[in-house]
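Biologist: Please take a close look at a single part of this model and describe the helix packing there. State the cut-offs for the terms you use, then place that part in its wider setting.

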Amino acid sequence: MTLDDIDRALLRILSRNADQSTKQLGQKLGLSQPATWRRIRRLQDAGVIAGRKLMLDAEKVGFGVTVFLGVKLATKGRVSLEDFERAVSAIPEIQTVDHVLGLYDYRLRVVARDLADFERVLRRRIMTMPGVGDVEANVLLSEERRPGPI
Amino acid sequence: MLDDIDRHLLRLLQSDPSRGVPDLAQAVGGTPARVSRRLDRLRDAGIFLGSHAVINWRALGYDVAVSLRITLDKTVARAFDDFIQAARSVPEVIEIQTFLGRVDVRLSVIARDLPDYQRIYRDDILTLPHIADIEALMTVASVKSDESLPL
């Protein structure tokens with residue numbers, strides 16, 4: 001899908017804050033309410049806007065620690081990949097699972113209440129999974145999302 | 001802090017941020033006015049920060065996603081600040097994270113295809129200041145990406 005300048009401005013605004021009415025958005029972009037609505041609809045239909053995500057302050061709701069894990073599988077083959085993916089995806093503390101190519105096979109984003117809680121998740125739930133080999137942990141200190149090339 | 005009803009509300013909103021107050025009220029068994037007040041309180045406390053749209057970069061033609069794990073030259077006092085400031089000016093960098101561990105900084109980079117990635121990597125990434133080492137992980141597939149908190 002090709003975007004014009006107004007689409008780009010609309011995406012930039014929505015990717016920061018999706019809680020505005022089409023009227024408010026229209027005012028910012030110099031569009032009528034129906035025209036704004038049509039543009040949002042078109043971006044959704046084309047799959048460019050894939051959904052909406054709630055923003056919560058993780059620390060204030062009790063999740064003070066985020067850790068990224070690089071995991072290497074000890075045994076490979078289609079079955080072990082599928083088994084591993086299914087098992088890690090079912091763990092609620094694991095927020096994202098990416099299959100990657102490079103030093104590791106998977107990158108996992110894990111949240112925990114504190115480091116002791118993280119250790120519990122790592123030892124009891126992740127290290128016990130069949131096929132898990134090398135694991136590297138990096139504790140997240142800060143994070144910044146950028147608007148991207150729009 | 002949070003009670004069970006707050007957590008229930010946030011769980012419902014996490015799975016679908018477009019749910020309206022009347023619908024939420026019905027789900028948690030309260031009045032819309034009460035639910036509104038709770039949401040206002042969570043907002044005022046800086047817990048509930050609103051919602052944002054998720055952009056699917058593939059739909060815009062960005063088929064390549066690479067995670068760059070970067071070690072910085074820590075003998076330079078301002079290494080982190082200089083590096084992050086410069087990384088912000090690369091449009092294809094969609095995430096900047098700093099870590100405690102073997103990796104100092106991670107950049108999420110998107111590109112239209114491999115030649116485009118090569119151009120970004122050579123011209124815009126390798127020219128960033130104070131890099132000691134870079135490892136690249138290319139994303140093959142996102143298996144889980146909801147980023148929900150287990151409330």
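Modeller: Helix H2 of chain A packs against helix H3 (residues 33-45) of chain A at an angle of about 100°, and their axes are 8 Å apart. The model is predicted: local features need pLDDT of at least 70 and side-chain atom pairs count only at pLDDT 80 or more, while totals for chains, interfaces and linings use all residues. Residues are numbered from 1 along each chain as its sequence is written, and chains are lettered from A and ligands numbered from 1 in the order in which they are written.

Helices (H or I, at least four residues) and strands (E, at least two) are DSSP runs numbered from the N terminus. Axes are lines fitted to C-alpha atoms, for helices over the stretch in contact, and angles run from 0 to 180 degrees between N-to-C directions. H2(A) and H3(A) are therefore roughly perpendicular to each other; angles of 65 to 115 degrees get that label, those under 35 count as roughly parallel, those over 145 as roughly antiparallel, and the rest as oblique.

From H2(A), the contact uses A:Thr22, A:Lys23, A:Leu25, A:Gly26 and A:Leu29. H3(A) supplies A:Gln33, A:Ala35, A:Thr36, A:Trp37 and A:Ile40. Contact here means that C-beta atoms, placed from the backbone, lie within 7 Å. By class, the residues are five nonpolar, four polar and one charged; Ala, Val, Leu, Ile, Met, Phe, Trp, Tyr, Cys and Pro count as nonpolar, Asp, Glu, Lys and Arg as charged, and the others, Gly among them, as polar.

H2(A) (residues 22-29) also packs with helix H1 (residues 5-14) of chain A, at an angle of about 130° and with the axes 11 Å apart. That makes H1(A) oblique to H2(A). The crossing of these two helices is right-handed, meaning that the near helix is turned clockwise from the far one by less than a right angle; an anticlockwise turn would be left-handed. On the H1(A) side the residues are A:Ile6, A:Ala9, A:Leu10 and A:Ile13, and they meet A:Leu25, A:Lys28 and A:Leu29 of H2(A). This contact has six nonpolar residues, no polar ones and one charged. A:Leu25 and A:Leu29 thus appear in the contact with H1(A) and in the contact with H3(A).

The loop between H1 and H2 of chain A holds A:Ser21. A:Ser21 counts as exposed because it has 11 C-beta neighbours inside 10 Å; with C-beta atoms placed from the backbone, 12 or fewer others within 10 Å is exposed, 20 or more is buried, and in between is partly exposed. A:Ser21 and A:Trp37 are 16 residues apart along the chain, and their C-alpha atoms are separated by 9.4 Å.

As for the wider setting, chain A is divided into domain 1 (5-45) and domain 2 (65-139), with bounds from an automatic or database domain assignment. The C-alpha centres of the two domains lie 38 Å apart.

Between the chains, 54 residues of chain A are in contact with 53 residues of chain B. H1 is among the elements of chain A that give two or more residues to this side, as are strand S1 (49-56) and helix H4 (78-89). S5(A) gives the largest share, ten residues. The chain A side divides into 27 nonpolar, twelve polar and 15 charged residues.

Notes:
Contact = placed C-beta atoms within 7 Å.
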